[in-house]
There are 2 protein chains.
Amino acid sequence: MWIAELSQRTEVPVATIKYYLREGLLEPGESVGATRSRYDESHIRRLRLIRALVESGGLSLARVRSVLAEVDEESHELHEVLGAVHGALIPNDLTATDESRRRVDALVAQYGWLVYSESQDRVLLAASLDALEKVGYHLDDDLLEAYASAAAQVADAEVSHLPSGDRQQTVEDTVVVTALGGPVLLALRRLAQQDASARRYGISPTTAACAVQAE
Amino acid sequence: MWIAELSQRTEVPVATIKYYLREGLLEPGESVGATRSRYDESHIRRLRLIRALVESGGLSLARVRSVLAEVDEESHELHEVLGAVHGALIPNDLTATDESRRRVDALVAQYGWLVYSESQDRVLLAASLDALEKVGYHLDDDLLEAYASAAAQVADAEVSHLPSGDRQQTVEDTVVVTALGGPVLLALRRLAQQDASARRYGISPTTAACAVQAE
DNA sequence: CAATATTGGAAAGTGATACTCTCCAAAAGT
DNA sequence: ACTTTTGGAGAGTATCACTTTCCAATATTG
């Protein structure tokens, strides 16, 4: 197909496709003569993946580029890809206090998680805890453990639902679940927060009517 | 204190503080003469809150402004504040297919969550599910339920840990937990994903060594 | 075969966001 | 008297993710 069809089928403007090509996010099509290139289904898939990561996953194009580089690294095992994708998704100027780092290490040890000791996700978590402390909010150990056990449940379910078919498919699914599962989990958490808040702080008659009407 | 001290204690440049004042994110200090204003602890708190929401929560200044407006609306009950904060945190151009909306409504009903039928978080979740479908990934019902029950656990723990003291403190904590708890949960989820992946896809001897060494 | 449309490619322009810098005159400190 | 700081306002800057404009080389269409 030509670029026009690629654009129509993905709903991405031609100018944007050209931009992604220039930026190396999308493989060039097969060159046919000097002014024409042919694109195929792989371009459609890739383009849809890029848009999903950007629009729903909220990734910058720079991060998308890093993630795609890992997806295309055929030599990597799945477990490596997951780590690499996590690495690509993480900010690179992370710092955390030793105290929070120790707290994270202790938690990882407590749950017996098999996580590289130099995993940047450890630092990311520690930095998030620091951010909370900085605004004067201390995350209690039992609340932290509630987060951790919920996270463990989610992660187990996610990983066990990954297909075991061909590598390309599994890797793409891994990326999609990692990047787009977050928003799903956060949206559900907020719905659940609204419920928890309604139950704790009580709901007025009109509120209750709305809620019941919704069911 | 003068603006210089406010800047030093919060590590926010004077120019940025002035910018926040112009943008109405920060209340003006008490004017002392034509060229001086006095700031107090409330300015320090507010400034730290703004930076935490921006830097760690990843909010835009526009969203921070909306959130702060709700924090300062003294007349609102806590439950209302939570809903309003969620509203302020949500993108405003959401669309979702009817199918996903129904799926979300069914899930909310199944869990018996007391959530306004017009809550934008419903649409946000539906839109997230649509995004997954669009890249050809269907979120199984049992995986969705795994997310939902994890979300319920987290939300219950979060809400039950909110202090019941003065309103200002509770409201701020609500905002902080809502905005900064997300990153904590996501970081833990990724650590747990690494563990789940290591267990499912097996780990090499060197990998295992790293993991054990970390504990 | 002529008129029109499309393409690849590159450069320049755009709009939003979040600052950051420069000035200034009025005060405050020394 | 002299240096420093402040409030206030406007202009400037950097980044990001496009979007527009241009071109000459084809393709397609009538």
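In this predicted model, a phosphate oxygen of DNA strand C lies 3.1 Å from an N or O atom in the side chain of Tyr20(B), a polar contact in the sense of a pair of N or O atoms within 3.5 Å. Local features need pLDDT of at least 70 and side-chain atom pairs count only at pLDDT 80 or more, whereas totals for chains, interfaces and linings use all residues. Side-chain values use heavy atoms, with hydrogens and water left out.

**Polar contacts with DNA strand C**
- A polar backbone atom of Leu61(B) is 3.1 Å from a phosphate oxygen of the strand.
- A base oxygen of the strand is 3.1 Å from an N or O atom in the side chain of Arg22(B).

**Surface near DNA strand C**
- There are 20 residues around the strand, of which Lys18(A), Ser37(A), Tyr19(B), Tyr20(B) and Ser60(B) come nearest; a residue is near if one of its heavy atoms lies within 4 Å.
- Of the strand atoms that come within 4 Å of the protein, sugar and phosphate account for 68%.
- Helix 2 of chain B gives the largest share of this surface, five residues, where helices are DSSP runs (H or I, at least four residues) numbered from the N terminus.
- The residues of this surface divide into nine nonpolar, five polar and six charged, with Tyr counted as nonpolar and Gly as polar.

**Relation of the two chains**
- A turn of 180° and a shift of 0.0 Å along the axis lay chain B on chain A with an RMSD of 0.1 Å, superposed by least squares on C-alpha atoms of residues with pLDDT of at least 70 in both copies.
- The two copies are thus related as by a two-fold rotation axis.
- The C-alpha of Ala150(B) lies 2.4 Å from the rotation axis, the closest approach among the residues of chain B.

Methods:
Residues are numbered from 1 along each chain as its sequence is written. Chains are lettered from A and ligands numbered from 1 in the order in which they are written. A polar contact is a pair of N or O atoms within 3.5 Å; within protein, one must be able to donate a hydrogen and the other to accept it, and residues adjacent in sequence count only if both atoms are side-chain atoms. Helices (H or I, at least four residues) and strands (E, at least two) are DSSP runs, numbered from the N terminus.
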